[in-house]
Amino acid sequence: MTRIRRGYIARRRRTKIRLFASSFRGAHSRLTRTITQQKIRALVSAHRDRDRQKINFRRLWITRINAAIRERGGML
């Protein structure tokens, strides 16, 4: 049986991953395996930090509202 070269589809998939990781440093933007690992890591961090951002903004709003209420002197 002849060897099948997995050219077009595999190359397209790797190119897509490479474009995602083009701004990463060192091997994280050059080697396919490490690119894949870093992509997963980056997306996990992005998902986690979106949740953290919501929590942080909520804390900030509460702090600002409390400061405004104190400045006006008591309850609204």
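A salt bridge is a side-chain nitrogen of Lys or Arg within 4 Å of a carboxyl oxygen of Asp or Glu. Keep that in mind for the first exercise, and remember throughout that the model is predicted.

**Exercise 1. Find how many salt bridges the structure holds, and check the partners against the cut-off.**

*Solution.* Start with the total: a search of the whole structure turns up one salt bridge. Next, look at the partners, which are Arg48 and Asp49. Their closest N and O atoms lie 3.2 Å apart, and the cut-off asks for a distance within 4 Å. Side chains of opposite charge can pair when their charged atoms come close. Finally, see how each partner meets the surroundings: Arg48 has a relative accessible area of 47% and is partly exposed, while Asp49, at 38%, is partly exposed too.

**Exercise 2. Describe the overall form of the chain, starting from its helices and strands.**

*Solution.* First, take the secondary structure: the chain has two helices and zero strands. Then turn to the radius of gyration, which is 24 Å, whereas the globule rule gives 11 Å for 76 residues. The value is well over the rule, so the chain is more spread out than a compact globule. Now add the dimensions: the C-alpha trace spans about 85 × 25 × 15 Å along its principal axes. Last, consider the surface. Buried residues account for 8% of the 76 residues. About 7,500 Å² of the chain is exposed, and carbon and sulfur atoms supply 56% of that area.

**Exercise 3. Count the aromatic pairs and classify the geometry of each.**

*Solution.* The count comes to two aromatic pairs. For Phe20 and Phe24, the ring centres are 6.1 Å apart and the planes meet at 90°. Planes over 60 degrees apart count as edge-to-face, so Phe20 and Phe24 form an edge-to-face pair. Both rings are partly exposed, with relative accessible areas of 35% for Phe20 and 23% for Phe24. The other pair is Phe57 with Trp61, at 5.9 Å centre to centre and 40° between the planes, which is tilted. To place Phe57 and Trp61, note that both lie in helix α2, four residues apart, or about one turn of the helix.

One ring has a further contact to add. The charged end of Lys39 sits over the ring of Phe20, 5.5 Å from its centre.

**Exercise 4. Work out which residues form the nonpolar patch on the surface.**

*Solution.* The members are Phe57, Leu60, Trp61 and Ile65. Together they offer about 400 Å² of accessible area. To join a patch, a residue needs over 30% relative accessible area. Check two members: Phe57 has 39% and is partly exposed, and Ile65 has 49% and is partly exposed as well. Ile65 belongs to helix α2, which covers residues 32–72. Phe57 and Trp61, familiar from the tilted pair, also lie in helix α2.

**Exercise 5. Set sequence separation beside C-alpha distance for Arg14 with Arg33 and for Gln53 with Ile17.**

*Solution.* Begin with Arg14, which lies in helix α1, residues 8–20. At 32% relative accessibility, Arg14 is partly exposed. Its C-alpha atom is 9.9 Å from that of Arg33, and these two residues are 19 apart along the chain. Then move to Gln53, which is found in helix α2 and is partly exposed, with a relative accessible area of 44%. Gln53 and Ile17 are 36 residues apart along the chain, and their C-alpha atoms are separated by 26 Å.

Methods
Residues numbered from 1 in each chain as written. Predicted model: local features only at pLDDT ≥ 70, side-chain atom pairs only at ≥ 80, totals over all residues. Heavy atoms only, no water. Patch = residues over 30% accessible without salt bridge, like charges linked within 9 Å, V, L, I, M, F, W, Y side chains within 5 Å. Areas by Shrake-Rupley, 256 points an atom, 1.4 Å probe, with all protein chains shown as cover. Buried < 20%, exposed > 50% of the residue type's maximum accessible area, 1.4 Å probe, protein only. Rg over C-alpha atoms; globule rule 2.2 N^0.38 Å. Phe/Tyr/Trp six-rings, centres within 6.5 Å; stacked < 30°, edge-to-face > 60°. Lys NZ or Arg CZ within 6 Å of the ring centre and 35° of its normal.
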